[in-house]
Amino acid sequence: MTEKKLTKGNIALAEGAIQAGCRFYFGYPITPQNDIPEYLARNLPKNGGTFIPAESEIASINMVMGASASGKRAMTSSSGPGISLMQEGISYLAGSEMPAVIVNIMRCGPGLGGIAPTQGDYNQAVHGGGHGDYRNIVLAPGSVQEMFDLTIRAFELADKYRNPTMIIADAMIGQFQEPCRLTPEKPVEFPEKPWALTGRKGRSPRLLKSLYLGDYEQEEHNLFLKKKYDEIQENEVMVEMQNLDDAELIIVAFGTPARVAKTAISLARAEGLKVGLIRPITLFPFPVKQVFEHSARVKNILVVEMNTGQMVRDVRIAAHKDAAIHFYGRPGGGFPFPDDVLGEIKKALAGGAR
Amino acid sequence: MNAIFKRPDNLTDAATHFCPGCTHGIAHRLIAEAMDELGIADRTIGIPGVGCCVFLYRYFPIDALEAPHGRAPACATGMKRAQPDRIIFAYQGDGDMAAIGTSEIIHAANRGENITVFFINNSVYGMTGGQMAPTTLLGQQTTTSPFGRDFKSEGYPIKMAEMLATLEGVAYSTRVSLHSPKHVNQAKKAIRKAFEMQINEMGFSVVEMLSTCNTNWRVSPLEALTMIEREMIPYFPLGVFKERTGKDFL
């Protein structure tokens with residue numbers, strides 16, 4: 001059996017980046033993600049990598065862009081306010097089709113907010129954030145092990161689709177410790193990069209750009225990107241599903257609320273209440289088919305989030321038209337405890353208010 | 001027959017989008033000549049900012065990355081760190097470098113990033129139609145300073161070459177002009193020296209070039225050239241503000 005080590009979520013993520021072949025990190029301090037740059041400042045140089053404490057998150061994402069344009073794996077991490085500053089660069093990365101991994105260990109907002117665990121940046125990550133018609137690939141780890149494994153996957157997906165990939169986790173996932181296998185489950189994939197800017201020697205010049213001024217050029221580009229996003233939706237959904245076979249209610253939750261939901265589901269089942277779980281691991285692509293198929297049969301859904309219901313819209317779009325959708329959310333650092341969720345389960349099963 | 005004057009190898013034959021009379025084209029030609037002479041084009045990557053400089057890749061047959069507005073020095077930082085043996089240059093206008101990108105240029109310079117930045121100072125935002133820039137001269141009328149720039153509300157024109165020269169990481173900071181053959185020759189030498197600084201791993205190099213924007217200055221090309229001599233140079237003096245001669249920073 002592979003050895004497991006008690007590891008903090010943020011550290012597992014940072015080590016995952018190194019093992020994924022990321023050799024360039026650029027970032028600016030912000031709580032609650034500082035373990036990531038601190039670990040990489042110490043450990044990237046040991047692995048032949050470069051760490052720059054950038055002057056801002058704007059500079060960070062653009063340094064990522066420069067390293068990524070060079071064909072190298074590069075990453076930055078931050079939290080809400082810093083991620084907001086990066087949106088310009090993320091949009092350019094998407095428009096110019098450059099890979100990058102951007103980590104958001106979420107803090108509360110809006111504004112400076114608080115540093116308690118939250119999922120308030122779901123919409124920012126999943127439904128845009130920056131300008132223009134683009135999508136991020138968005139991964140939502142639910143354990144320390146997934147902080148490690150999904151970081152490796154994030155680099156693979158970013159390269160495969162030449163698209164920015166975001167990892168969003170609440171501060172709970174970032175800050176707690178769990179036993180974690182700190183070696184890749186399978187060999188890390190390194191796609192070829194025949195687009196990288198390395199100097200034209202022996203070939204014709206290459207260009208990475210997002211400006212299209214010719215008639216219909218931009219539209220053509222947008223439609224091309226849309227096709228890519230459809231392909232991602234078709235091929236890359238990751239989802240965990242539990243106890244759905246006999247379920248009379250499905251909880252949809254990601255990150256920490258999904259863990260709480262699992263406890264609440266055991267409590268419910270001990271009382272004879274048949275509750276199952278769908279945990280999206282990819283938020284884009286969202287597990288549309290899975291939610292549709294199961295809601296067609298169960299028709300009763302409870303969404304649990306640490307925000308005011310940002311994922312509910314995606315569940316609504318995916319779910320069967322006859323499914324009732326209930327929501328329980330604790331925004332701004334409030335925490336959904338298992339007993340609270342159990343209470344919501346009972347209300348939902350009793351046909352409570354939507 | 002011997003050709004005594006020809007297009008540089010590293011300048012394409014594309015017709016430029018620059019207005020007739022604009023000196024961007026001269027700057028482009030000088031950079032191409034310098035790449036020819038130094039034999040670096042195969043390993044050079046250009047990073048244009050946003051503005052009239054954005055189509056750099058049409059005119060230089062080299063690899064290029066289109067940076068967000070003002071961020072070219074940060075992109076160049078990531079690129080140079082990823083490929084230290086490549087020659088990386090950014091090409092920025094005055095809105096790009098001296099307004100929205102001040103943070104990125106100052107910190108790239110201060111880290112002593114071994115990159116080269118070409119800075120076109122034409123005292124206005126050219127591509128968007130001649131709005132006031134941080135480099136707009138006092139009293140200069142633009143579409144957004146219609147009564148002339150007033151230091152009481154808009155402050156003073158910012159002197160980038162001098163300011164950057166104060167930073168330890170800077171190897172070479174100079175201001176040249178593109179308004180006369182003599183000055184064009186001086187500009188050429190400065191551009192070449194800036195590339196050489198990078199080739200010799202001396203640190204950050206920047207060449208500020210006083211340039212015309214006759215369209216937005218609402219004058220003839222010829223009058224624009226004389227305005228550089230008459231109005232810009234007295235405020236933006238030409239010269240070398242910093243030149244590192246050895247790797248004394250080590």
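Which residue of E2(B) stands opposite Leu207(A)? The residue is Ala64(B), and this pair takes us directly to the boundary between the two chains.

A word on conventions before I continue. This is a predicted model, in which local features need pLDDT of at least 70 and side-chain atom pairs count only at pLDDT 80 or more, while totals for chains, interfaces and linings use all residues. Residues are numbered from 1 along each chain as its sequence is written, and chains are lettered from A and ligands numbered from 1 in the order in which they are written.

Let me begin with the sheet that crosses the boundary. E9(A) and strand E2 of chain B, residues 63-65, pair in the parallel sense over two bridges. Strands here are DSSP runs of type E with at least two residues, helices are runs of H or I with at least four, and both are numbered from the N terminus. Two strands pair if DSSP finds at least two bridges between them. The result is an open sheet of eight strands with mixed pairing, in the order E9(A)-E2(B)-E1(B)-E3(B)-E4(B)-E8(B)-E7(B)-E9(B). E9 of chain A and strand E9 (239-243) of chain B stand at its edges, each with a single partner strand, so one side of each is left without a neighbour in the sheet.

Further into this sheet, strand E1 (residues 44-48) and strand E3 (residues 87-93) of chain B run parallel and are joined by five bridges. In that pairing, Thr44(B) stands opposite Ile87(B). Helix H8 of chain B, residues 181-199, lies across E3, strand E4 (116-121), strand E7 (170-177) and strand E8 (204-210) of chain B, at about 165 degrees to E7(B). Such angles run from 0 to 180 degrees between N-to-C directions, with axes fitted to C-alpha atoms, for helices over the stretch in contact.

I turn now to the interface as a whole. In total, 33 residues of chain A are in contact with 28 residues of chain B, where contact requires C-beta atoms, placed from the backbone, to lie within 7 Å. On the chain A side, H3(A) gives the most, with nine residues. That side divides into 16 nonpolar, 10 polar and seven charged residues. Here Ala, Val, Leu, Ile, Met, Phe, Trp, Tyr, Cys and Pro count as nonpolar, Asp, Glu, Lys and Arg as charged, and the others, Gly among them, as polar.

What does H3(A) meet in chain B? Its residues, including Asn62(A), Met63(A) and Gly66(A), meet residues of H3(B), among them Ala74(B), Gly78(B) and Arg81(B). By class, this contact has 11 nonpolar, four polar and one charged residues. The axes of H3(A), residues 57-69, and H3(B), residues 72-82, come within 6 Å and cross at roughly 45 degrees. The two helices are therefore oblique to each other; under 35 degrees would count as roughly parallel, over 145 as roughly antiparallel, and 65 to 115 as roughly perpendicular, with the rest oblique.

The second sheet belongs to chain A. It is open, has seven strands in the order E3-E2-E4-E5-E7-E6-E13, and shows mixed pairing. Its edge strands are E3 (50-53) and E13 (282-284), each pairing on one side only, and the twist averages 20 degrees from one strand to the next. Strands E5 (residues 100-106) and E7 (residues 164-170) of chain A run parallel, joined by seven bridges, and Asn104(A) stands opposite Ile168(A). Helix H2 of chain A, residues 35-43, packs on this sheet, its direction making about 135 degrees with that of E2(A). H3(B) packs on the sheet as well, touching E2, E3 and E4 of chain A, at about 155 degrees to the direction of E2(A).

Finally, some backbone details. Most residues other than glycine have a negative phi, and most peptide bonds are trans. A cis peptide bond joins Thr31(A) and Pro32(A), with omega about 10 degrees, and Pro32(A) is in the loop between E2 and H2 of chain A. The bond from Phe284(A) to Pro285(A) is also cis, with omega near 5 degrees. Tyr216(A), in the loop between E9 and H8 of chain A, has a positive phi near 65 degrees.

How values were computed
Contact = placed C-beta atoms within 7 Å.
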